[in-house]
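Please open the structure in your viewer and keep the sequence panel visible. The tour below proceeds by selection, one stop after another.

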Amino acid sequence: MRPKKFVNIEPIEQHNSFKQFSRWRQERMSRVKQKDYSYTVPNVEPELSFLHNCRSHKQPSITWVGHSTFLLQVAGLNLITDPVWSGQMAFQKRLAPPGIPIEDVPPIDVVLISHSHYDHLNIQSLRRLGGRKQLLVPAGLSSKLKLKGFTNVKELHWWESVHIHGVKFTFVPSQHWTRRNPWDSNSSHWGGWIIEPYASSMPNSMGTSEGTTTVQTDGKTGRPIVCEAPTIYFAGDSGYFQGFKEIGRRFDIDVALMPIGAYEPEWFMGPQHVTPEEALQAFEDTGARWFVPMHYGAFKLADDTPREALDRLEAERAAREIIEERIVVLPHGETWKLAGGQGPQPK
């Protein structure tokens with residue numbers, strides 16, 4: 001019996017054929033030589049003492065490890081998104097080191113997987129993470145992970161939820177595809193995750209996106225203060241689609257972790273990866289209050305550079321007149337304490 005093939009909400013042409021891939025590879029031979037990769041995402045020393053005491057202080061925080069990998073701390077839980085500590089992707093070496101060495105990561109309670117591509121799910125990285133590691137994965141992926149020896153796996157379809165120790169996790173749609181070998185294309189699903197603590201004891205410092213634009217910032221770090229129980233949207237990997245609006249209608253999102261890289265050439269990458277401009281449109285569609293860019297700066301997955309992605313993001317932010325404080329560009333390793341608190345200084 002052939003495995004079920006998953007599809008997107010909107011009918012799109014997925015640019016993942018061998019012919020299209022070959023055309024892109026031929027075009028990029030000359031294009032990449034003209035690119036400037038001198039800019040690298042800065043690293044800061046991670047606050048390991050704070051990160052390893054999550055269960056006692058229970059302060060919500062976001063630490064960017066790199067690419068789509070974040071250490072999220074919510075309601076006393078340690079969460080990891082799309083764990084990838086690989087030193088290279090295919091034949092390309094990593095552009096910047098991970099923000100937290102994997103041996104220094106605290107014990108993980110929950111791992112959130114957006115989809116089964118190698119830059120979002122690295123089996124060796126997953127094995128090396130400590131803790132009980134409840135794996136929450138897209139529909140169709142659990143059997144593969146169980147074959148790899150992982151037993152604590154739960155798969156979800158779009159809009160399904162699971163509750164774990166005071167936090168609700170909901171798997172939400174994205175526009176993408178999956179493949180790990182020539183025979184398993186779209187045999188598992190793809191999407192993002194909404195992370196909701198059950199209750200908040202402190203109101204959001206900014207109100208709704210249609211309301212006040214007053215931003216309360218931490219006096220020591222200059223980072224925005226969000227709340228003590230934030231709702232976080234981890235978008236995974238996606239092209240632009242109308243599903244972002246539906247996600248915004250269903251959830252009251254504080255922080256959106258949104259991809260901005262691997263978009264060039266747009267004729268090839270467009271259906272599966274948002275441009276920085278589309279990422280900001282998706283951010284506004286969801287009604288989220290804060291935007292953290294990701295999916296750039298770690299690997300050469302396409303023809304754009306980390307600097308180009310950030311420059312286009314800033315130009316579009318200014319054009320849309322979005323206040324600067326709502327876009328939180330993190331270095332690797334920094335812990336953004338969402339209820340306030342002192343952070344490290346860049347090297």
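What follows is a guided tour of a predicted model, with a selection to make at each stop.

**Stop 1: the sheet as a whole**

Begin by selecting strands β9 to β14. These six strands form an open sheet in the order β9-β10-β11-β12-β13-β14, and their pairing is mixed. Which strands stand at the edges? They are β9 and β14; each has a single partner strand, so one side of each is left without a neighbour in the sheet. Neighbouring strands of this sheet are turned by 20° against each other on average, if direction is ignored.

**Stop 2: the hairpin of β9 and β10**

Now select residues 161-164, which make up strand β9; four bridges join this strand to β10, and the two run antiparallel. To see one such pairing, display S161 in β9 together with its bridge partner in β10, T170. Then move to the turn of the hairpin, where two residues lie between the strands. One residue to select in this hairpin is H165, which takes a positive phi near 45°.

**Stop 3: strand β10 and its other neighbour**

Select residues 167-172, strand β10. Is this strand largely enclosed or largely open? Five of its six residues are buried, so β10 is largely enclosed by the rest of the structure. A residue counts as buried when its relative accessible area is under 20%. On its other pairing, β10 meets strand β11 (residues 192-197) in the antiparallel sense over six bridges. Display K168 and E196 to see one place where residues of these strands stand opposite each other.

**Stop 4: from β11 to β12**

Keep β11 and add residues 232-234, which form strand β12. The two strands pair in the antiparallel sense over three bridges. Here I195 stands opposite I232 of β12.

**Stop 5: the helices α6 and α8**

Select residues 243-250, helix α6. Which of its residues are buried? G243, F244 and I247 are buried. Look down the axis of α6: its buried residues fall within an arc of 105°, so they line one face of the helix. These buried residues pack against β10, β11, β12, β13 and α8. Add α8 itself by selecting residues 276-286; this helix lies across β12, β13 and β14, and runs at about 155° to β13.

**Stop 6: the loop between β13 and α7**

Move next to the loop that joins β13 (255-259) and α7 (266-269), where P265 is found. The peptide bond from E264 to P265 is cis, with omega near 5°. A262 also has its place in the loop between β13 and α7. Although A262 is not a glycine, it has a positive phi of about 65°. With a relative accessibility of 7%, A262 counts as buried.

**Stop 7: the loop between β14 and α9**

Select H295, which is placed in the loop between β14 (290-294) and α9 (306-320). This residue is not a glycine, yet its phi is positive, at about 60°. Its relative accessibility is 2%, so H295 counts as buried.

**Stop 8: the cavities**

Rolling a probe the size of a water molecule over the atoms shows where empty space is left. How many cavities of 30 Å³ or more does a search of the whole structure find? The search finds two. The largest cavity holds about 100 Å³ of space. It is lined by 15 residues, and those nearest its centre are A262, Y296, G297, F299 and D304. Select these residues to finish the tour, and note that A262 was visited earlier in the loop between β13 and α7.

How values were computed
Residues numbered from 1 in each chain as written. Predicted model: local features only at pLDDT ≥ 70, side-chain atom pairs only at ≥ 80, totals over all residues. Heavy atoms only, no water. Buried < 20%, exposed > 50% of the residue type's maximum accessible area, 1.4 Å probe, protein only. Pairing = 2+ DSSP bridges. Axes fitted to C-alpha atoms, helices over the stretch in contact; angles between N-to-C directions. Contact = heavy atoms within 4.5 Å. Arc of directions from axis to C-beta. 1 Å grid on protein atoms, 1.4 Å probe; cavity = no way out; pocket = protein on both sides within 12 Å on 5 of 7 lines; lining within 4 Å. Points joined across faces, edges and corners; volume = space filled by probe spheres on them.
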